[in-house]
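Biologist: Got a minute to walk me through this one? I'd like to start with the core.

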Amino acid sequence: MAAEQELTPTGYITHHLTFNAERIGGEAAGGFWTLHVDTLVTSVILGALSLGVLWWIARGATSGVPNRRQAFAELAFDFIDEQVKSIFTHGNRHPFIAPVALTVFVWVLMMNAMDFLPLDWVAGALRLIGLHEWRLVPTADVNTTFALALSVWLLMIYFSVKVKGLGGWIHELFCAPFGSNPLAWPANLLFNLVEYVSKPLSHSLRLYGNMYAGEIIFILLWIWAATSLTGTAFATLLGVGWAIFHILIVVLQAFIFMMLTVVYLAMAHEHH
Amino acid sequence: MENLQLLAMIQAYTGIGIGLMIGLGAAGACIGVGIMCSRFLEGAARQPELMPQLQVKVFLLLGLIDASFIIGVGLAMLFAFGNPLLAVIPG
């Protein structure tokens with residue numbers, strides 16, 4: 001462990017939950033221009049890797065008998081396409097919606113899957129190259145999930161305006177769902193605003209909360225294991241159980257994030 | 001001594017708050033998931049051929065129902081380890 005932090009439970013936890021933050025511009029801690037270098041680097045590397053592999057497989061794709069790589073990529077593609085087909089019925093899903101779904105699913109799955117790597121071992125390896133703080137899981141950073149959710153939110157607004165026109169969209173803001181009587185305009189606007197605020201909030205915080213709570217519970221179990229022999233026994237048992245459950249959560253949360261993306265974009269194409 | 005008393009009071013009430021957050025959240029999530037899964041089982045018993053599709057939807061809804069609870073757990077962990085309410089005590 002780093003010498004500057006005493007080995008108390010709170011110290012251990014705080015050390016493991018501190019980001020490798022780099023300030024560019026602004027001296028205030030936590031200012032707008034504080035970058036979480038570990039999140040950015042990990043997410044970019046994972047994105048380039050996973051989507052790059054998919055692109056490389058697609059480049060060598062043949063319409064004859066597929067080899068194993070192509071079969072695997074087609075598995076993923078078909079799975080996503082099935083889900084998108086059942087939700088997005090407003091026209092051709094292939095130019096944009098289905099690729100967005102595939103990208104989001106694969107990327108979020110890879111970022112979540114970083115939670116499978118044992119934290120202390122990776123930290124030991126990273127310390128050899130001089131990095132004393134590195135948080136492995138990008139989606140356990142609220143900035144990542146908010147970036148993804150806000151991008152989806154902007155896409156939602158873009159598609160709403162594109163399908164209904166700017167005037168049509170504003171008309172819908174004021175006149176759905178209670179009707180176009182001017183007395184109902186404040187109520188309509190309130191409902192629509194609540195909907196527009198709650199969607200990205202819940203979208204991002206669900207993913208963030210699952211990954212962050214998962215990490216914290218792992219850390220707490222390891223601290224318990226370090227306290228005594230019975231602690232080790234119980235913590236191992238519960239740790240195995242929680243790890244198995246967490247495997248499900250990792251895949252499930254990526255799936256849910258993708259489904260909600262498609263659902264929100266499909267709802268943006270609807271007319272009222 | 002005065003500081004210790006204030007500290008103890010804040011920690012005590014924070015502890016109760018954490019328990020309530022996690023407990024009530026878990027109660028709500030588990031009851032909700034129980035109701036949803038009981039409907040799934042009933043529906044699967046009536047129409048077994050729909051079971052695969054319904055199962056996919058069950059997992060989706062599971063994640064949605066769990067969301068508020070997990071956000072609550074995250075907040076509870078924040079209070080447990082980085083309690084912002086302690087900042088009111090000087091030093």
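Modeller: Sure. The largest nonpolar core has 53 residues, and those with the most contacts inside it are A:A101, A:F105 and A:M258. Such a core is a set of buried Ala, Val, Leu, Ile, Met, Phe, Trp, Tyr and Cys residues joined through C-beta atoms within 7 Å. A residue is buried if 20 or more other C-beta atoms lie within 10 Å of its own, exposed if 12 or fewer, and partly exposed in between, with C-beta atoms placed from the backbone.

Biologist: Which helices supply at least two residues of this core?

Modeller: From chain A, α3 (68-87), α4, α6 (142-175), α7 (185-225) and α8 (229-268) each do, and so does α2 (51-81) of chain B. Helices here are DSSP runs (H or I, at least four residues), strands are E runs of at least two, and both are numbered from the N terminus.

Biologist: Is this predicted or experimental, and how are things labelled?

Modeller: This is a predicted model: local features need pLDDT of at least 70, side-chain atom pairs count only at pLDDT 80 or more, and totals for chains, interfaces and linings use all residues. Residues are numbered from 1 along each chain as its sequence is written, while chains are lettered from A and ligands numbered from 1 in the order in which they are written.

Biologist: Back to the core. What does A:F105 touch?

Modeller: Leaving out residues up to four places away in sequence, A:F105 touches A:I80, A:A254, A:F255 and A:M258. A contact means that the two C-beta atoms, placed from the backbone, lie within 7 Å.

Biologist: And α4(A), is it mostly covered or exposed?

Modeller: Mostly covered, with 13 of its 17 residues buried. Helix α4 of chain A runs over residues 97-113 and reaches 24 Å from its first C-alpha to its last, close to the 24 Å expected at 1.5 Å a residue. That expected span is 1.5 Å times one less than the number of residues.

Biologist: Where is confidence lowest and highest in chain A?

Modeller: On pLDDT, the predictor's confidence in each residue from 0 to 100, strand β1 (residues 21-23) is lowest at a mean of 50 and α4(A) highest at 93. Residues 23-28 of chain A stay under 50. Where pLDDT is low, the predicted coordinates should not be read in detail. Overall, chain A averages 84, and 89% of its residues score at least 70.

Biologist: What about chain B's confidence?

Modeller: Its mean pLDDT is 89, and 99% of the residues in chain B reach 70 or more. The model scores ipTM 0.78 and pTM 0.86.

Biologist: How many helices and strands are in chain B?

Modeller: Two helices and zero strands. The C-alpha trace of chain B spans about 70 × 15 × 10 Å along its principal axes, and 11% of its 91 residues are buried.

Biologist: How many residues does each chain put into the contact?

Modeller: Eleven come from chain B and 14 from chain A. The side of chain B that touches chain A has nine nonpolar, two polar and no charged residues. Ala, Val, Leu, Ile, Met, Phe, Trp, Tyr, Cys and Pro count as nonpolar, Asp, Glu, Lys and Arg as charged, and the others, Gly among them, as polar.

Biologist: Last one: why is A:L189 called partly exposed?

Modeller: Because A:L189 has 13 other C-beta atoms within 10 Å. A:L189 is found in helix α7 of chain A and, beyond its neighbours within four places in sequence, is in contact with A:L173 and A:F174.
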